[in-house]
Amino acid sequence: MIKRRQFLQASAAAAAVVACPSIVRGRNLNSKLSVAGIGCDGKGWSDIKEMSDHPQTQMAAFCDIDLARTEKVKKLAPDAPVFQDYREMLAKLGDKIDAVTVSTPDHMHAFITLDAMRQGKHVYCQKPLTHNVWEARQVANQTKKSGVITRLGNQIHSHSVYRTGVQVIQSGTIGKVKEVRSWCAATGHGKSGQISVPKNPPALPKSVDWDLWIGVAPMRTYGGHNVYHPWGWRDWQDFGNGALGDFGCHILDPVFTALKIAAPPTQLKADHSGMNDQVWAAQTQVDYVFPGTELTTDDTIKISWDDGGLLPSVRGSHIPGTVALPKSGSIFIGEKGTMVMPHVGPPQLFPQDQYAADAIEKVESVNHYHGWVDGCLSGEQPSDGFDYGALLTESVLLGNIAVRYRTQNLQWDAAAMRFTNNDDANKWLRRDYRTGWNIDEV
Ligand SMILES: NC(=O)C1=CN([C@@H]2O[C@H](COP(=O)(O)OP(=O)(O)OC[C@H]3O[C@@H](n4cnc5c(N)ncnc54)[C@H](OP(=O)(O)O)[C@@H]3O)[C@@H](O)[C@H]2O)C=CC1
Ligand SMILES: O=C1CO[C@H](CO)[C@@H](O)[C@@H]1O
């Protein structure tokens with residue numbers, strides 16, 4: 001009889017060889033999936049906890065560059081070994097690990113995800129999928145090559161409110177969509193409490209391997225608790241992606257899914273306030289133009305982004321001026337009506353008197369984490385794998401490049417992966433990798 005691990009490895013390998021849809025991978029519904037968690041605190045803890053709640057998972061190992069942040073996982077699975085370096089974990093236990101969660105700061109997502117996929121592991125990776133556009137393309141390419149089951153850690157994708165919003169748009173309740181405005185209350189700096197590199201940082205805690213935390217990024221001194229690690233890294237251009245990177249993949253997810261956006265923007269223009277060469281902007285504003293779809297009125301669609309407390313400058317004619325917009329969310333302006341999609345709140349339709357109280361049919365939540373585990377066991381790829389995650393991430397990160405060229409209209413040639421009217425902007429598509437942490441082109 002074929003053993004579980006042989007089955008999982010054979011099915012991933014078969015898929016890798018033929019690089020074809022999951023249907024050929026067979027089913028293994030009675031087996032357990034052996035999962036290793038990379039990044040054990042913060043969101044990593046919640047990813048690990050959610051995965052471990054699935055009746056068919058077993059937690060095989062854990063890894064965190066800060067051993068002080070592994071107490072919770074040790075209690076969760078006391079027999080599972082704990083590592084500081086995920087490379088050592090995969091080298092020692094690779095044959096016992098089927099799948100990994102990657103919940104590290106953004107600058108390490110691509111390096112770890114690519115490595116794990118190359119070794120045939122299924123991967124659940126946090127948003128944004130990568131730290132730069134070139135990495136998003138490499139992850140998308142490797143996903144096709146490896147044929148493993150992937151999912152972006154965008155758990156709200158599976159939440160009732162977002163699923164309901166998607167259903168409202170796709171059922172034509174507001175007609176075809178003319179324009180979308182998305183916004184987010186969060187700011188691109190403020191989490192770390194610094195806007196320049198701290199001059200007299202405290203000593204590095206003994207529990208932290210700083211070289212591993214820095215990973216692909218240029219080396220710098222530990223900055224003190226929350227300055228970079230943990231949490232504050234989001235503010236810093238070397239590690240995070242500001243508010244757009246932090247929330248774009250959440251808030252734009254129902255926009256991409258509802259409208260079936262299948263290609264990156266062709267043009268974008270941005271503005272910002274409060275940015276230097278270290279941290280992201282306090283407020284950003286980006287106007288994107290995407291190719292239209294069957295759900296849009298035109299052959300292009302404008303999608304805009306505001307953050308740092310800015311609200312959209314346009315809200316269409318259907319929403320009365322007296323209606324307060326949620327702190328974060330999107331407005332879908334349609335031919336017949338407008339849908340306000342709060343970030344994690346029930347969608348609302350305008351003009352209110354045009355829509356009956358039951359005009360919105362609620363779609364129930366599904367378990368995002370368990371959906372990935374089920375996919376790994378059955379061979380069925382969830383709808384938001386890394387192909388989708390890479391597109392969403394590329395679009396978000398292009399916005400952060402446009403921010404560097406305030407008010408310039410950038411033309412993006414997705415096929416050539418370059419800006420055609422501003423060569424200087426192309427230097428931000430990929431980073432220089434620290435010696436020993438190079439990412440090979442896929
Ligand atoms: N989907 C969602 O709703 C959310 C998603 N996120 C995403 O989750 C990710 C992590 O964010 P968050 O938890 O807030 O960040 P934190 O900085 O709080 O935690 C990151 C964790 O990863 C560990 N880590 C860092 N580098 C490595 C590495 N190379 N190998 C192993 N472990 C590593 C950290 O260790 P150490 O403590 O030593 O830094 C820490 O435990 C981000 O991509 C973020 O965007 C975050 C919150 C919610
Ligand atoms: O949803 C979320 C809640 O806030 C966090 C911190 O800004 C985000 O990283 C996360 O994605």
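Start with ligand 1: 30 residues surround it, and the closest are Lys43, Asp64, Asp66, Arg69 and His229. A residue counts as near a molecule if one of its heavy atoms lies within 4 Å of it. This is a predicted model, where local features need pLDDT of at least 70, side-chain atom pairs count only at pLDDT 80 or more, and totals for chains, interfaces and linings use all residues. Residues are numbered from 1 along each chain as its sequence is written, chains are lettered from A and ligands numbered from 1 in the order in which they are written, and side-chain values use heavy atoms, with hydrogens and water left out.

By class, the shell around ligand 1 has 11 nonpolar, 10 polar and nine charged residues. Here Ala, Val, Leu, Ile, Met, Phe, Trp, Tyr, Cys and Pro are nonpolar, Asp, Glu, Lys and Arg are charged, and the others, Gly among them, are polar.

Ligand 2 has Lys127, Lys191, Trp231, Arg234, Asp246, Phe247 and His250 around it. That shell splits into two nonpolar, one polar and four charged residues.

Now for some polar contacts (pairs of N or O atoms within 3.5 Å; within protein, one must be able to donate a hydrogen and the other to accept it, and residues adjacent in sequence count only if both atoms are side-chain atoms).

| Ligand atom | Protein partner | Distance |
|---|---|---|
| Ligand 1, oxygen | His109 side chain, N or O | 2.8 Å |
| Ligand 1, nitrogen | Gly153 backbone, N or O | 3.0 Å |
| Ligand 1, oxygen | Trp213 side chain, N or O | 3.5 Å |
| Ligand 2, oxygen | Lys127 side chain, N or O | 2.6 Å |
| Ligand 2, oxygen | Asp246 side chain, N or O | 2.6 Å |
| Ligand 2, oxygen | His250 side chain, N or O | 2.7 Å |
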